[in-house]
Amino acid sequence: MSSSLCVLGLGYIGLPTASIFATKGRQVLGVDVVPSVVETINSGRIHIQEPDLDVLVRAAVQSGYLKAALKPAAADTFIIAVPTPFSVTASGARIPDLKYVEAAARSVAPVVGAGNLIILESTSPVGTTEKIKVWIDDELSKLGRKVDGLLYAHCPERILPGQMLKELVSNDRICGGLTPEASEKSKALYEIFCTAQIFLTDARTAELAKLTENAFRDVNIAFANELSLICDRLDINVWELIRLANRHPRVKILSPGPGVGGHCIAVDPWFIIDAAPAEARLMRTAREVNDSKPHYVIAQVRAAAAQQKNPVIACLGLAFKANVDDLRESPSLEIAEHLAAEGFKLLAVEPNIQSLPARLAGKAELVSLDEAVSRASIILVLVDHRGFGSLTLAQLAGKALVDTRGLVK
Ligand code: SAJ
């Protein structure tokens, strides 16, 4: 197929996607509204952290197939990969905020041409792909343009931060068009780099499928987190319990932790809950269980500190999960921040960052694992980073331990 692309949004999804198409010899214009992002990418560098992404982007830019710009230009295919956050209403309800998707959709109206394919990759509430068509039609009529045969599809990304480049190629995909032709054309496009199976459906099913995957994981993590509270109450080791229960051939309990972070799992279930509040009872409860876990951990640390004279707390890990440097929406950072606000002396260990984020700057010291373990009286394990795996109970003798990840043996 002819194949120039315009990718709107050069973040965690748009940048790898744009780059991989470029390395397959497709002319790609990456669009971002942030000038520094455009400059960084055009110089062959990256503004986000993901293993091997720097190499891919450098190759894509040096080949001449990937360029970045602030505004879209004509292309055969437009891929929208901008954020879809939620906003919280005065009554506390969480509702999806489609302002970035709408702005991206409207921005392509001046440059779309007959038969172009417009793909939404951003995780979105059911009905968003239909809205994109309405927004573009509206913008075209304002511009007095008539463009025939535009095709629309939702093709959600499913790649796991930390393993994105591998999963981009090897994960199965779903292409859900507003018409069968749009689904087929999308499939042909992703076959350029995707070596796994690509399934066709309609746009609404594709939208709900993506949300469902993350809601499924949220509910299952909530089950593990709830078990950890039950086990604490009954004085049972939750890690041993899960290890034993998982010996059943049809049981696969996930791991408890300090809460659920990242930009996907803690957000996407709300898009389902907002659309079907009366029915999505389990998903809402799961969200509440996972969101309350950081407060439970803070209370555990407070209780340990109450037993000591001058407690010094070592927070092991600030990232939202193991072996990434991403601190956004991190329950570990939320816990550290709360403890600092309560006036505790805090040592933070986060091997994946060079300096503390603004939220903790001046309120904690960023130190090595060895220094934290020797100086602290309370060891709070928040992230199961590779480098923390060598810690032993014997090493921590005489100190209080709050291990949210079951790391220390
Ligand atoms: N977590 C636990 N216990 C577990 C597993 C995870 O507490 O047993 C926590 C992690 O520590 C982290 C959070 O959950 O705070 C989310 O981590 P994750 O590794 O489960 O997922 P993400 O957010 O990095 O990526 C998810 C993935 N979705 C699924 O696995 C269903 C990924 O495939 C999606 O592409 C991504 O969301 C997305 O962009 O939607």
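Select K321 and the ligand to begin: in this predicted model, a polar side-chain atom of K321 lies 2.8 Å from an oxygen atom of the ligand. Keep the ligand displayed and add F320, where a polar backbone atom is 2.7 Å from an oxygen atom of the ligand. Then add I159, which has a backbone N or O atom placed 2.7 Å from an oxygen atom of the ligand. To widen the view, show the 20 residues around the ligand, of which I159, K210, N214, R217 and F320 come nearest.

From the ligand, move to helix α8, which spans residues 203–234, and colour it together with helix α10, residues 268–275. The axes of α8 and α10 are 8 Å apart, and the two helices pack at an angle of about 110 degrees. Because angles from 65 to 115 degrees count as roughly perpendicular, α8 and α10 are described as roughly perpendicular to each other. Seen as a crossing, the arrangement of α8 and α10 is left-handed. To see the contact itself, display the side chains of L208, K210, L211, T212, N214, A215 and D218 on α8, and of D268, P269, F271 and I272 on α10. Sorted by class, this contact of α8 with α10 holds six nonpolar, two polar and three charged residues. K210 and N214 deserve a second look here, since both belong to the α8 side of this contact and both are also listed among the residues that come nearest to the ligand.

Stay on α8 and select helix α9, residues 238–245, which packs against α8 at an angle of about 120 degrees, with the axes 9 Å apart. The two helices, α8 and α9, are therefore oblique to each other, and their crossing is right-handed. On the α8 side, the residues to show are L227, S228 and C231, while α9 contributes V238, L241 and I242. Five of the residues in this contact of α8 with α9 are nonpolar and one is polar, with no charged residue.

For the last stop, select helix α1, residues 14–23, and helix α3, residues 53–62, whose axes come within 9 Å and cross at roughly 50 degrees. That angle makes α1 and α3 oblique to each other, and α1 passes α3 in a left-handed crossing. The contact can be brought out by displaying L15, P16, S19, I20, A22 and T23 of α1 with L53, L56, V57, A59 and A60 of α3. By class, the contact of α1 with α3 consists of nine nonpolar and two polar residues, and no charged residues take part.

Terms used:
Residues are numbered from 1 along each chain as its sequence is written. This is a predicted model: local features need pLDDT of at least 70, side-chain atom pairs count only at pLDDT 80 or more; totals for chains, interfaces and linings use all residues. Side-chain values use heavy atoms; hydrogens and water are left out. Axes are lines fitted to C-alpha atoms, for helices over the stretch in contact, and angles run from 0 to 180 degrees between N-to-C directions. Helices (H or I, at least four residues) and strands (E, at least two) are DSSP runs, numbered from the N terminus. Angles under 35 degrees count as roughly parallel, over 145 as roughly antiparallel, 65 to 115 as roughly perpendicular and the rest as oblique. A crossing is left-handed if the near helix is turned anticlockwise from the far one by less than a right angle, and right-handed if clockwise. Contact means heavy atoms within 4.5 Å. Ala, Val, Leu, Ile, Met, Phe, Trp, Tyr, Cys and Pro count as nonpolar, Asp, Glu, Lys and Arg as charged, and the others, Gly among them, as polar. A residue is near a molecule or strand if one of its heavy atoms lies within 4 Å of it. A polar contact is a pair of N or O atoms within 3.5 Å; within protein, one must be able to donate a hydrogen and the other to accept it, and residues adjacent in sequence count only if both atoms are side-chain atoms.
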